[in-house]
Amino acid sequence: KFTGAGILFTALDADGLRHVLLARRKSGVWSISGGKASIRDADHQETAWRETEEEFGVPLDRGTFLFEQRYPFGLGGFDWTTLVHQLPVITDPSVFPNPHARDFHREFTEARWFPISQTPPKTHILLLPILLRLRKG
């Protein structure tokens, strides 16, 4: 069984245009921080934040929790939750990874902010319904 969680960060620019923070995995797919739950994690939120710290190197402003999207694909034992958090400002993507990141370069090649209407074609399929929801407001 695989249980995991991750976080999609969003923020508004000075003109009120929504952006999302995505990181390119070594496979070329744009995705989010996240990964498999540990037996030490109390819940999916703890998994998502632990993974974010390992991959992006927090301390990172946790922002405001907006919503979560769960994908309980029971068949095959896959269960994934994406948390969506809005940051107060668009953080310079060059801060990812910061010195506290242990796993960024093992997982990703770069991180960038994208306007919600201009996400890359190779964005992870599980993010698509979330991005649609964010576009609608």
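**View A. Thr 47 sits in helix H1.** In this predicted model, Thr 47 counts as buried because its relative accessibility is 2%, and the cut-off for buried is under 20%. Set aside the neighbours within four places in sequence, and Thr 47 is in contact with Gly 4, Ala 5, Gly 35, Lys 36, Ala 37, Ser 38 and Asp 41. Thr 81 is 34 residues from Thr 47 in sequence, with 9.6 Å between their C-alpha atoms.

**View B. Helix H1 covers residues 44-56.** Pull back from Thr 47 and you get the whole helix: H1 has 13 residues and reaches 18 Å from its first C-alpha to its last, close to the 18 Å expected at 1.5 Å a residue. Which residues of H1 are buried? They are Thr 47, Ala 48, Trp 49, Arg 50, Glu 51, Thr 52, Glu 54, Glu 55 and Phe 56. As for what they pack against, the partners are strands S1 (2-12), S2 (18-25), S4, S6 and S7 (108-115), along with helix H2.

**View C. Ala 11 belongs to strand S1.** Ala 11 is buried, with a relative accessible area of 0%. Not counting residues up to four places away in sequence, Ala 11 touches Leu 17, Arg 18, His 19, Gln 86, Leu 87, Val 89, Ile 90 and Trp 113. One of these partners, Ile 90, is 79 residues from Ala 11 along the chain, yet their C-alpha atoms are separated by 5.5 Å.

**View D. His 19, a partner of Ala 11, lies in strand S2.** Is His 19 buried or exposed? His 19 counts as buried, at 10% relative accessibility. Leaving out residues up to four places away in sequence, it touches Phe 9, Thr 10, Ala 11, Asp 13, Ile 90, Trp 113, Phe 114, Pro 115 and Ile 116. Ile 90 and Trp 113 turn up here and among the contacts of Ala 11 as well. Ser 33 is 14 residues from His 19 along the chain, and 16 Å separates their C-alpha atoms.

**View E. Leu 134 is part of helix H3 (residues 128-136).** Leu 134 counts as buried, with 8% relative accessibility. Beyond residues up to four places away in sequence, Leu 134 touches Leu 8, Arg 18, Val 20, Leu 66, Phe 67, Val 84 and Ile 116. Ile 116 is on this list and is also touched by His 19. From Leu 134 to Ser 117 is 17 residues in sequence and 9.9 Å in space, C-alpha to C-alpha.

**View F. The largest pocket holds about 160 Å³ of space.** Its lining is made by Phe 2, Arg 25, Ser 31, Ile 32, Gly 34, Gly 35, Phe 78, Trp 80, Thr 82, His 124, Leu 126 and Leu 127. Two elements give two or more residues to that lining, strand S4 (33-36) and strand S6 (78-86). S6 gives the most, with 3 residues. By type, the lining divides into 6 nonpolar, 5 polar and 1 charged. Gly 35 should look familiar: it lines this pocket and is in contact with Thr 47.

**View G. Here is how confident the predictor is in the chain.** The mean pLDDT of the protein chain is 88, and 91% of its residues reach 70 or more. Where is confidence highest and where is it lowest? The highest is in strand S3 (residues 30-31), at 97, and the lowest is in helix H2 (residues 104-107), at a mean of 88. Wherever pLDDT is low, don't read the predicted coordinates in detail.

Methods
Residues numbered from 1 in each chain as written. Predicted model: local features only at pLDDT ≥ 70, side-chain atom pairs only at ≥ 80, totals over all residues. Heavy atoms only, no water. 1 Å grid on protein atoms, 1.4 Å probe; cavity = no way out; pocket = protein on both sides within 12 Å on 5 of 7 lines; lining within 4 Å. Points joined across faces, edges and corners; volume = space filled by probe spheres on them. Helix = DSSP H or I, 4+ residues; strand = E, 2+ residues; numbered from the N terminus. Nonpolar A, V, L, I, M, F, W, Y, C, P; charged D, E, K, R; others polar. pLDDT = per-residue confidence, 0-100. Expected span 1.5 Å × (residues − 1). Buried < 20%, exposed > 50% of the residue type's maximum accessible area, 1.4 Å probe, protein only. Contact = heavy atoms within 4.5 Å.
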